[in-house]
Each structure stands twice: as structure tokens, then as C-alpha cells.
Amino acid sequence: MSRRSDSETSAPAIPAAMQAVQIDRFGPSDVLQKVELPVPRPGPRHVLVSVHAASINPRDWMIRAGTYIFKAMLPKLPVVLGSDLAGTVVAVGSAVKRFQVGDRVFAMVPSSDGLGAYAEFAAVRESAVAHLPDDLDFEQAAGMPLAGLTALQALRDEGRLQPGQSVVVVGAVGGVGHFGVQIARAMGAERIVGVCSGANHALALELGCHEVVDYKKQSYTKTVRDIDLVFDAIGRGSLARNRSVLRPRGTYVTTIPSPSAAWASLRTRLWPLGRRSRMVLVRSNHRDLDQLAQWAEAGKLRTVVDRSEPLDRVKILHDHSRSFRTRGKNIIAVR
Ligand SMILES: NC(=O)c1ccc[n+]([C@@H]2O[C@H](COP(=O)([O-])OP(=O)(O)OC[C@H]3O[C@@H](n4cnc5c(N)ncnc54)[C@H](OP(=O)(O)O)[C@@H]3O)[C@@H](O)[C@H]2O)c1
């Protein structure tokens, strides 16, 4: 952040202070505190967003608990958590080219920018922000960034999904998985097998799965065959466990970075003739957000909202997310 410059364009009514949810130590959800803070000042390449809605990702409660594995990339305490937001631009830095005051936007705030989505205002670098289509509401949009980008980058970049192919999505109704199912459909997959508990089968089919397997009754690895891509949104599997499921040149993609997943990825890059193992690490990218927005506009992508609560009830959303039973996304209705 930097001081507001003379050349910066700003809306007239930006208050000096805002409500935000911050942690000043790691711990259980009680460490989430609603506080009053100064409204951030956007640097020359940042936009200041009046946040209407934000969303929760499992990484938020991992950061809060002090268990997030990429700790070194995080801002120092105290920190306002949250990477996903949607709202209206109220000020732009002097070097910002793509946005003006009044634009409706959504963004995945990179952790290197200090997070900060659980707040009434957030300063976000221009390259992490995308325009919202008129008919996409703020709660829908706030659910999409981190989970939607993860699913897109996993299927397209790591899985190299092609039209006509077959996909298994493990965790088909969770935050990442429910976007994975819809994006696989949008990319032209012809067979999508969703893996989730029986209570979520109807939702998985509604999202676009052709078949559903209840992991509590049987393992899909025993029954499903001839798959081009296994997208393990839950990340508890491995290439070894999915060998029988995959075609000879098929790919297993996990969301969980671990030494064994990194080794499997390296090994199958060095020996590229058989089945491949890959790991997705989500990157904030406005062009990919544009792609999500286009699919949403075309009716191909929506956020399933599990719970929506105001800023002073973020603790409830963290506890629900921590249960690992979320269907779609948990949303913070900031305004
Ligand atoms: N690498 C990255 O860049 C990246 C990015 C985003 C997320 N992640 C990680 O990916 C994981 C998923 O994130 P998320 O946002 O999708 O989490 P989430 O929304 O909290 O996932 C909840 C879902 O998991 C399902 N689930 C739980 N156990 C399952 C099992 N054994 N088999 C199949 N489904 C199961 C639940 O469905 P049922 O109730 O039907 O069991 C529920 O719908 C998290 O660990 C997160 O940290 C990594």
C-alpha cells in the first residue's frame, strides 16, 4: 500500500474507518475478532473495492489455526483473513487501466497482498481483479474466485482435459469439486463421475455429473474404469490408488500439496509415457476469472451457497467449513 496520490481517482464518500474481521494470534475460531480499522489506501496499481460479499476457503481456517503449510507466504499478524471478494470499485490507483469507480468486480486477493477480504473495503492489485457480468450477484461471485480458479487450473492446465473425455471428481459437491463438475461439463467432458456421500447425490447430478458414487458404501477405485482424468478435490488419494481407474495415458490431479504428491508429479514428468500425477497450486489470475464470469453469464457455472452470514458471524462459517461437510460455498454477506 502507499499514500493516496493526487492523480488517483476516488469516489467522494470513502469513510476513514471500516469494520473487518481480524486475527492477532493463531488458534480456534474464537480468535476471529470484529474490529474497526482504517480503510486501506490503494497503491498506484491497486483498486479499492467496497466489499459486498466474501467467501470462506479451508485455507482461511488453516491460516487462523496456524497449520497452513505455506506460512512463509503469509502476511504478519495481525491480519484480516480472506482471499475471495466481490463488490464495487470506489477508488483506483494512478496506474490502473482496466477499472474505474463504480465497476462491479470480483477478485482472488493474493496472500502476498495481505489477504483482507473479510472487511468492508479491500485494496487489491489490478491483475487479480475481473469485471462482473450484470446478472451475476455479489454472493454468487464471491464464492467463485479461489475454488473456481483451482478447479479450472486443475482440469485445464494440470489435467489437460479435452472435449469428449471422461472425468472423476472426488468431493463433487464441495467448494472446489462443485466447480470442477460444472467446469468439466463446460469444457465438454462426456462422462463425469462424482464421488460424494449419498445425501449429496441429487445435488451432484444437478450440477452435471452423469454418475455418482457414494464413497461411504463403496470405493470408486473398485468399480469405475476407463477414465481420462481423476480430479481429487479432497486430496486424500494418489496415482497409485487410481491406476485401475485411469486409462493408460490418464492423469490424476490432487489439490493437496505433499512430499509424496510432489514426488509422483516429478517422477511422471521425467517418465512421461504412462499415467501422470499432478498437483494444482491455485494462482490468482484475472483472465481465468474472466473465463469463470463468461461461463456464469452463459448459465454454465453457479455457486451453490451453503450458508451466508454477516461479518460478525464469521466464526460460525469457519466452524462449519472446518467440519468438511460444506455443500458449495460459505459466504460472508458483508453489506
Ligand atoms: N492446492 C490448492 O491450490 C488448493 C486450492 C483450493 C483448495 N485446496 C484444498 O482442497 C481441499 C478441498 O477444498 P474445498 O474448498 O472443496 O473444501 P470443502 O468445500 O470444505 O469440502 C467439503 C466437501 O468435502 C466432501 N468430502 C469430505 N470427505 C470426503 C471424502 N472422503 N470423499 C469425497 N468427498 C468428501 C464433503 O462431501 P460429503 O459431505 O458428501 O462427504 C463436502 O462437500 C481442501 O483441503 C483445500 O485446502 C487446495
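Q: How many Å apart do the C-alpha centres of domain 1 and domain 2 lie?
A: In this predicted model, the chain is divided into domain 1, which covers 9-143 + 303-333, and domain 2, which covers 146-279. Taking the C-alpha centre of each of these two domains, the separation between them comes to 28 Å.

Q: How many residues of domain 1 are in contact with domain 2, and how do the residues on that side of domain 1 divide by class?
A: Contact here requires C-beta atoms, placed from the backbone, to lie within 7 Å. By that criterion 10 residues of domain 2 are met by 10 residues of domain 1. The side of domain 1 that touches domain 2 divides into 3 nonpolar, 4 polar and 3 charged residues.

Q: Which domains give at least three residues each to the shell around the ligand?
A: The ligand is surrounded by 33 residues, and the closest are Gly174, Gly175, Val176, Ser197 and Val282. Two or more residues of the shell come from each of the elements α1 (58-65), α3 (145-158), α4 (175-186) and β11. By domain, at least three residues are drawn from each of domain 1 and domain 2.

Q: How many nonpolar, polar and charged residues does the shell around the ligand have?
A: The shell that surrounds the ligand consists of 33 residues. Sorted by class, these are 17 nonpolar, 12 polar and 4 charged.

Q: Which are the edge strands of the open sheet that 6 strands form?
A: The order in this sheet is β12-β11-β10-β13-β14-β15, and the pairing is parallel. From one strand to the next the twist averages 15°. The strands that pair on one side only are β12 (211-214) and β15 (276-279).

Q: Which residue in β11 stands opposite Val169?
A: Strand β10, residues 166-170, pairs with strand β11, residues 191-196, in the parallel sense, and the pairing extends over 5 bridges. Within β11, the residue opposite Val169 is Gly194.

Q: What angle does the direction of helix α8 make with that of β15?
A: Helix α8, made up of residues 259-270, packs on the sheet and touches both β14 (246-254) and β15. Compared with the direction of β15, the direction of helix α8 makes an angle of about 135°.

Q: Why is strand β4 described as largely enclosed by the rest of the structure?
A: A residue counts as buried if 20 or more other C-beta atoms lie within 10 Å of its own. Strand β4 spans residues 46-55, and it is largely enclosed because the number of its 10 residues that are buried is 10.

Q: Which residue of β17 stands opposite Ser55?
A: β4 is joined to strand β8 (residues 121-125) by 5 antiparallel bridges, with Leu48 partnered by Ala123 in β8. β4 also pairs in the antiparallel sense with strand β6 (residues 84-92) over 8 bridges, where the bridge partner of Val51 is Gly87. A further 3 bridges join β4 to strand β17 (residues 329-333), again antiparallel. In β17, the residue opposite Ser55 is Ile331.

Q: Which strands stand at the edges of the open sheet with the order β3-β2-β5?
A: This sheet has 3 strands with antiparallel pairing, and strand β2 (residues 17-23) pairs with β3 over 6 bridges, including the one between Gln19 and Glu36. Each edge strand has a single partner, so one side of each is left without a neighbour in the sheet, and these strands are β3 (33-38) and β5 (79-80).

Key. Residues numbered from 1 in each chain as written. Predicted model: local features only at pLDDT ≥ 70, side-chain atom pairs only at ≥ 80, totals over all residues. Pairing = 2+ DSSP bridges. Helix = DSSP H or I, 4+ residues; strand = E, 2+ residues; numbered from the N terminus. Axes fitted to C-alpha atoms, helices over the stretch in contact; angles between N-to-C directions. Contact = placed C-beta atoms within 7 Å. Near = placed C-beta within 6 Å. Nonpolar A, V, L, I, M, F, W, Y, C, P; charged D, E, K, R; others polar. Domains from an automatic or database assignment. Buried ≥ 20, exposed ≤ 12 C-beta atoms within 10 Å, placed from the backbone.
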